[in-house]
Amino acid sequence: MANILLLGPPGAGKGTQAKRLVDERGMVQLSTGDMLRDAKSSGTEMGNRVAEVMAKGLLVTDEIVIGLIDEKITGDAGRGFIFDGFPRTLPQADALCALMMRTGQTLDAVIEMRVDDAALVARITGRFTCGNCGAVYHDQTKPTAKLGFCDVCGSNNMVRRVDDNEAALRQRLMEYYKKTSPLIGYYYAKKQLYTVDGLAAMDVVAAAIAKVLDRH
Ligand code: AP5
């Protein structure tokens, strides 16, 4: 059992790989993006504020996301947690370290998924997901077998995210380089960092991540 963090810019493939690890290894995905989208659809005042921030491609406050993770970290860890999209700032990284210590757990590996910006634009603008089960697809690289129907659950509720457009993506990338990329140095210094080529085919990326996991 290992707890890992998938670190990378928007569209690096964090969600795609996390879902494979859930299916293939029984790990538990903790995606702050998914948690925030759930809060958004709750229609509460906090949910509406979060929705505005996300649509612009900006980061939600540290306080909110740390609170969300705090609630989950004492729950069922399956065969290990996959932190997907958290932490995204240095204060969030410090908070995660404190939460893990408090609950007697360790963060075993941080996997940086490296992808260049040109590929990210193509990935994000072609992405769609199943609104029912969350399966992730792409117009070119991972279309559904039957047009408009999810391969996993058969639903025809296919959705595109409001922040998956070029303007919001530019802002998301800026947030990543300004606030999240310093975490690469932070985890390197803590000797927890592994880097994989996120530009490779999905199976190749999965094999590289499996190699890291098998060391823990
Ligand atoms: P979040 O939902 O975390 O989005 P993100 O980090 O921008 O990442 P994405 O989900 O867009 O991409 P991904 O890396 O999961 O790629 P995917 O696997 O889907 O966050 C959204 C927003 O929430 C943030 O902007 C912020 O406002 C807020 N937020 C979340 N966490 C926060 C935090 N901790 N603090 C503050 N604010 C926070 O893949 C993308 C596409 O590429 C798919 O179509 C897929 O099929 C395709 N693909 C994947 N891998 C490959 C491959 N190897 N080859 C070809 N295509 C591939």
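The paragraphs below lead from the ligand and its surroundings to two individual residues of the protein.

This is a predicted model, in which local features need pLDDT of at least 70 and side-chain atom pairs count only at pLDDT 80 or more, whereas totals for chains, interfaces and linings use all residues. Residues are numbered from 1 along each chain as its sequence is written, and side-chain values use heavy atoms, with hydrogens and water left out.

The ligand has 35 residues around it, of which T16, L58, R88, R127 and R172 come nearest; a residue belongs to this group if one of its heavy atoms lies within 4 Å of the ligand. By character, the shell divides into 16 nonpolar, 11 polar and eight charged residues, where Ala, Val, Leu, Ile, Met, Phe, Trp, Tyr, Cys and Pro count as nonpolar, Asp, Glu, Lys and Arg as charged, and the others, Gly among them, as polar. At least two shell residues come from each of α1 (14-25), α2 (32-41), α6 (117-125) and β6 (136-138), and α2 supplies the largest share, with four residues. These elements are DSSP runs numbered from the N terminus, helices being H or I of at least four residues and strands E of at least two.

Several polar contacts, meaning pairs of N or O atoms within 3.5 Å, involve oxygen atoms of the ligand. A polar side-chain atom of R127 lies 2.6 Å from one ligand oxygen, a polar backbone atom of G15 is 2.8 Å from a ligand oxygen, and an N or O atom in the side chain of K14 is 2.9 Å from a ligand oxygen. Taken alone, the ligand exposes 1,100 Å², and the protein buries 96% of that, with areas from the Shrake-Rupley method and a 1.4 Å probe.

Y137 is found in strand β6, and its C-alpha atom is 5.8 Å from that of R127, although the two are 10 residues apart in sequence. Y137 counts as buried because its relative accessibility is 3%, buried meaning under 20%, exposed over 50% and partly exposed in between, with a 1.4 Å probe and protein chains only. Leaving aside residues up to four places away in sequence, Y137 touches, among others, G126, R127, F128 and D151, contact meaning heavy atoms within 4.5 Å. A polar atom of the Y137 side chain also lies 2.9 Å from the backbone nitrogen of D151.

R79, by contrast, lies in the loop between α4 (62-72) and β3 (81-84), and R79 counts as exposed because its relative accessibility is 53%. Again not counting residues up to four places away in sequence, R79 touches M1, A2, R25, G26 and M27.

Note on methods: A polar contact is a pair of N or O atoms within 3.5 Å; within protein, one must be able to donate a hydrogen and the other to accept it, and residues adjacent in sequence count only if both atoms are side-chain atoms.
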